[in-house]
Structure formats: structure tokens, C-alpha cells
Amino acid sequence: MTEQALRLGTRGSKLAVAQSGLVADAVSQVTGRPVELVKITTYGDTSREHLSQIGGTGVFVTALRDALLRGEVDFAVHSLKDLPTVQPEELALAAVPLREDPRDVLVARDGLKLTDLPSGARVGTGSARRMAQLNAYARNHGLAIETVPIRGNVDTRIGYVRSGELDAVILAAAGLNRVGRIGEATDFIPVDTILPAPGQGALAVECVAHDADLIASLAMLDDPLTRVAVTAERSLLNALEAGCTAPVGALADLPPVLDFARDGEDSQADGQIVKEMRLRGVVGTADGSTLVQLSTTGPVPETHEQAMALGRELAAEMLAKGAAGLMGERAH
């Protein structure tokens, strides 16, 4: 007799289904149980209002969490950057799998790269974070770029470029990778130019906190380095008292080292020794006229608390440099 299928709650968009499908396959491998996708429509999917008007990307998460708490699904997959920074006690963040490429990409007409954009180019993005940094880039390079607020799925956004309505759009590399359309990106934007959203490129696998067996199974998908990195980034966001739609970018990564790993030492896949984690943060005004951008480097955090501390420390430095005044309405 086959074991009962595990029910995975997912948003119904093509991207959400693609990333949930990846997790479903991995969970099926580690548990030996079939996994079925249960599509849940969220208010964020049906509303055409701007995200900042309806509570930010957290609106995508609420319906999935409600389904978990009602027992309609066994676990759920979210884009980690959509999760509010405070974890509800009744739910467990059981796994943060290996992160995809965290960068943003440009999809532009005529194969244009960011450095090729002409003055007056119209660039679409629904993100205040991207707008602030793109406008700062344009100011620094003497360009007059017009940022145009857009919403919608990958097809809709790329459609604005294909139809000639916009010169370019900015999207997350991870999303395009997961739907098999990364070939349409005309440029990978360096993180020094546009720092990604906290948690960008990572997925969050969540279930109810009292299901110890399921938590143990899902934990086999967890990537410890990804988890401490996104924990530090989200701690920074939380300490800035900023919501998911605030113009905050953050990335924790492992700076390259010249020393190569010897046998028996902890090493990255490319054979380099992992000794330190660098956390970078940015917050800015939408027009890009003011940015507070700082970074800190410390030992790779070994615990959740150490990762949280890294984020809090950098946030305190950013607040001391005036970050609070750049975020508009602070989320509480």
C-alpha cells in the first residue's frame, strides 16, 4: 500500500509552481512519499493594487499559512524574500534549501546591457529597492532613466519589453532560472550596482511547529550556509524596522579567499576555505538621490543567534548614518 501523499501548498503562478515542484521532488526523494501540489490563490495574486498598498509581499504568504494552520496542506513553499521577518510560533521554518543566484537581471530590447541603456530609457520594476539603486546608478553615470512601476508575472513583465512599451525590466535571476527563461536576460546586474532583496534567490519550506516527524524530514533539504546568510539579511531588515516592500537591499555572502582548502578542511564546492561571511546592506530614497550603503565582515555564523547579531550590528550602523529617514513609512 502506498503511503498517503504529502500535500504541498503553493501559490498558483507559473514561477511558484515551478519552485514548489523542485521542492516536491526533493521531499519525495528524502521521504519516499508522493507529494501533491495544492494551489492556493492569495489576495496578492488577485489584487491589481500596488503591493505597498495591500501590505507588501506578506500578502502572498498569509493565505498559505492559513491553509497550513487549518490542516488543508502539510507544508508550504514560499519565496523567502516574501516572508515577514518575524516567524509565527505555531509554524516552523523547516528548511532553507541551497540558494539560487541572488542577483537581479535586466531583460532589455535589442540585447542591451545596463551600461548600454540610453538616456531617457524606460525601465520597469515593482520594487522600491531596485528603483532607488537604479536611479542612484543613473545619477552617478549622468543618465536620465525613467523607472516605471509594474506588477505581474514573468510573462507580463517581459511582455512590456517585447511590445515596446518599456526599454527594459529588472527581474530576479532565480525566478527566470526556475521557469527556464534565464536565456532571455540581456545582463546580469552586479550586486555592487543593485544589491538584491534580503533572502532573494532562496526558498522557505514551512510546516506546523508541532509536526516533529515532518520537520525532521524537511530539514534534510536545509542548506546551513544559505540559512545563516538569509538569517543575517532578514535580521538587518527587521532591525531597520522595514517591511518587505521597503527600499532595502541586503546580501550575505562568502568573500573569495586566495588560500585553497587542504584535505580535511571545511571548504566550498570550488575548493576554497570558508572563513568569513560578508554582509552588505543598502537603503535609499526612490529617486536615488541618497543611499546609505555599508558592509561588515565576520566569522561565518555558527548559530541562528550569531547570524541575527550580524544583521543587527550592520542595521545599527546604517541607522546611525541616517537610514531611518530614507525608508518613508516605517513598518511596525
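**Group meeting talk: a five-stranded sheet and its middle**

Okay, let's start with a helix. Helix H5, residues 154–162, lies across S5 and S8, and its direction makes an angle of about 155° with S8. Keep S8 in mind, since I'll come back to that strand a lot.

Before going on: this is a predicted model. So how confident is the predictor? The mean pLDDT of the protein chain is 87, with 86% of its residues at 70 or more. Where is confidence highest, and where is it lowest? Highest is strand S5, residues 104–108, at a mean of 97, and lowest is helix H2, residues 43–46, at 53. There are also two stretches to treat with care. Over residues 51–55, pLDDT stays under 50, and the model has 13 contacts for them beyond four places in sequence. Residues 259–269 stay under 50 too, and there the model has 19 such contacts.

Now the sheet. In which order do the strands sit? The order is S7-S6-S8-S5-S9, five strands in an open sheet with mixed pairing. Strand S7 (146–148) and strand S9 (187–189) are at the edges with a single partner strand each, so each has one side without a neighbour in the sheet. On average, neighbouring strands here are turned by 30° against each other, if you ignore direction.

Let's walk across the sheet, beginning at S7. S6 and S7 are joined by three bridges and pair in the parallel sense. Take Gly124 as a landmark: its bridge partner in S7 is Val148. Look towards S8 instead, and Gly124 stands opposite Val169. Strand S6, residues 122–124, and S8 also run parallel, with two bridges between them.

Next step: S8 to S5. Parallel or antiparallel this time? Antiparallel, with five bridges joining S5 to S8. One spot to click on is Asp104, which stands opposite Ala172 in S8.

That leaves S8 itself, residues 168–172. Is this strand mostly covered or not? Mostly covered: five of its five residues are buried. To see how the side chains are arranged, remember a textbook idea: in a regular strand, side chains alternate between the two faces of the sheet. Now check S8. Ala168, Ile170 and Ala172 point one way, Val169 and Leu171 point the other way, and all are buried.

So, to recap the middle of the picture: S8 has S6 on one side and S5 on the other in the strand order, and helix H5 lies across S5 and S8. That's my bit, thanks for listening!

Notes:
Residues numbered from 1 in each chain as written. Predicted model: local features only at pLDDT ≥ 70, side-chain atom pairs only at ≥ 80, totals over all residues. Heavy atoms only, no water. pLDDT = per-residue confidence, 0-100. Helix = DSSP H or I, 4+ residues; strand = E, 2+ residues; numbered from the N terminus. Contact = heavy atoms within 4.5 Å. Buried < 20%, exposed > 50% of the residue type's maximum accessible area, 1.4 Å probe, protein only. Pairing = 2+ DSSP bridges. Axes fitted to C-alpha atoms, helices over the stretch in contact; angles between N-to-C directions.
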